[in-house]
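User: Could you take one close look at a single part of this model for me, starting from one residue and working outward? I would love a connected account that I can follow on screen.

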Amino acid sequence: MKLRKLIYAGLAAAGLAAGPAHAVELSIVHGAIGKDNEVLRAELDRWEKQTGNTVKIVSMPESTTDQFGQYKLWLSAKSSDIDVYRLDVVWAPQLADHFVDLNEATKDIQDQFIPSTLKGQMVDGKLVALPMFIGAPALYYREDLLKKYDRPVPKTWAEMKETAQIIQDGEREAGNKDMQGFVFQGAAYEGLTCNAMEWIASYGGGNFVEPDGSIDINNAKAAEALNMAASWIGTIAPEGVLNYKEEDARGVFQSGDAVFMRNWNYAYALVNGDDSPVKGKVGVSELPKGGEDGKSAATLGGWELAVSKYSKHQQEAIDLVKFLDNYESQKERAIVTSRPPTLTAVYNDPDVAKEQPFIPLWKPVLDGTLARPSAAAKRKYNEASSLFWTAVHNTLSGDGSAEDNLAMLGAKLKRLQGDAW
Ligand code: GLC
């Protein structure tokens, strides 16, 4: 027995610690980016101290699409190796059967959560996962460069393109050959689904599957949005953006080589971190509108904690999930990683407002996000999303027109839907 376990066993025997008589070792899996791992480790260390149990972090690749593939392998093999899974906000309807119902265990704390975050994790009355943090993207911009070129923060995508081009050209001429106008998540994966949904919704083109399950993506507004995005490639965005995920875009922007970036909230703490070359030069605004009569659209992101049905230590795992989602953990996460909390009260915490003003500022955007159609497409969501991002990626790559690709997408989605989602 390790010394620490001996001490805890001793304390427990003496009635001094509430830890279990038999300490267990748990595994938690998550796809860490930015400072996620650092904060999670610190939180796990605290829980270990309180309980005498230990927790191992299993790290995943950055792409949520890759994580999904790996999770499905473990879950379909009913593996007991992983106790706690961090799930993407869209996965509950597809993976519900593999997780413990958290309803009973969280009855006493549910009213502290933003109601929509819990609702999104309910599948047929079962609470599949407890929301850890949410996300709504921002348009990150270089305040110093907008000032230098006397340009306002763009309100429409057309304005964004114009400004990006002016500053990119000007900066390249002045010697920064690597300057890019705009970077985003253009690789063929779930991140592109999030980006493209925003473009299309901002033009009034709807969603790839509507909330009622119907399919109307083959429309002129959606085509206009995709044509606009395709016009960025090789002009204000590098060709390489077609392989960018979140961290690729952040890398370019944080090095000082992009005027604008679309990214999630986590990037804020990093681009303003002490070691960031653009610290103090970055502003955030809502994503641009489709046109003067369009709107700004932000896709809902976020991650949840779920306990595997195949875990041999479900009680301890549930306790850990509650601990990681408690006020102290969420506050720490908000301050260190600028991850928006799922507990309403943390938005009003004065320390959070002081250290991360982005969090309270972003509350209205988070409240008005656009959900991906995972509830509508149910078990077929990932396939539907993959058809969508493929059509978008082809269009951005110059492989077929937006109109043709959307027509094909519409037909494929209808085939996938069949008689019912
Ligand atoms: C972020 C979001 C997640 C989304 C992913 C796409 O991690 O929180 O919901 O699926 O980005 O890349």
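Analyst: **From one loop residue outward**

With a relative accessibility of 23%, N176 counts as partly exposed, because it falls between the cut-offs for buried (under 20%) and exposed (over 50%), found with a 1.4 Å probe on protein chains only. The model is a predicted one, in which local features need pLDDT of at least 70 and side-chain atom pairs count only at pLDDT 80 or more, while totals for chains, interfaces and linings use all residues. Residues are numbered from 1 along each chain as its sequence is written, and side-chain values use heavy atoms, with hydrogens and water left out.

To find N176, go to the loop that links helix 7 (157–173) to strand 8; helices (H or I, at least four residues) and strands (E, at least two) are DSSP runs numbered from the N terminus. Setting aside residues up to four places away in sequence, N176 touches E171, G256 and D257, where contact means heavy atoms within 4.5 Å. For a sense of scale, N176 and D404 are separated by 228 residues in sequence and by 38 Å in space, C-alpha to C-alpha.

Now step from the loop to the sheet. Strand 8 belongs to an open sheet of four strands in the order 8-9-7-10, with mixed pairing; strands pair if DSSP finds at least two bridges between them. Strand 8 (180–183) is an edge strand, as is strand 10 (282–285), and each of them pairs on one side only. From one strand to the next, the twist averages 15°. Inside the sheet order, strand 7 (residues 138–142) and strand 9 (residues 258–263) pair in the antiparallel sense over four bridges. If you want a landmark there, the bridge partner of Y140 is M261 in strand 9.

Helices cover this sheet too. Helix 10 (residues 246–254) lies across strands 7, 8, 9 and 10 and runs at about 155° to strand 9; axes are lines fitted to C-alpha atoms, for helices over the stretch in contact, and angles run from 0 to 180 degrees between N-to-C directions. Helix 15 also packs on the sheet, where it touches strand 7 and strand 10, and its direction makes about 25° with that of strand 10.

Helix 15 leads us on to helix 13 (residues 327–337), whose buried residues are S329, Q330, K331, R333, A334 and T337. Those buried residues pack against helix 15 (358–367), and also against helix 2 (36–51), strand 6 (130–135), helix 11 (266–271), helix 12 (314–324) and helix 14 (350–355). T337, which sits in helix 13, has a relative accessible area of 3%, so it is buried. Apart from neighbours within four places in sequence, T337 is in contact with K35, D36, V39, N265, Y266, A269 and E332. Just after the helix, S338 takes a positive phi of about 50°.

Strand 6, one of the partners of helix 13, is largely enclosed by the rest of the structure, because six of its six residues are buried. Strand 6 runs antiparallel to strand 11 (residues 301–307), joined by five bridges, and L130 has L305 of strand 11 as its bridge partner. L305 also turns up beside R86, which touches V29, H30, G31, D36, Y71, W91, M132, F133, W303, E304 and L305 when residues up to four places away in sequence are left out. R86 is in strand 3 (residues 84–88) and is buried, with a relative accessible area of 3%. D36 is a contact of R86 and a contact of T337.

One last stop is a set of packed helices. Helix 8 (residues 190–202) and helix 17 (residues 381–396) pack with their axes 9 Å apart, at an angle of about 70°. That makes helix 8 roughly perpendicular to helix 17; angles of 65 to 115 degrees count as roughly perpendicular, under 35 as roughly parallel, over 145 as roughly antiparallel and the rest as oblique. The residues that meet are E190, L192, T193, A196, M197, W199 and I200 from helix 8, and Y381, S385, F388, W389, V392, H393 and L396 from helix 17. The axes of helix 17 and helix 18 (residues 402–417) come within 9 Å and cross at roughly 170°, which means helix 17 is roughly antiparallel to helix 18. Helix 17 makes this contact through E383, A384, L387, F388, A391, N394 and T395, and helix 18 through A402, N405, L409, K412, L413 and L416.
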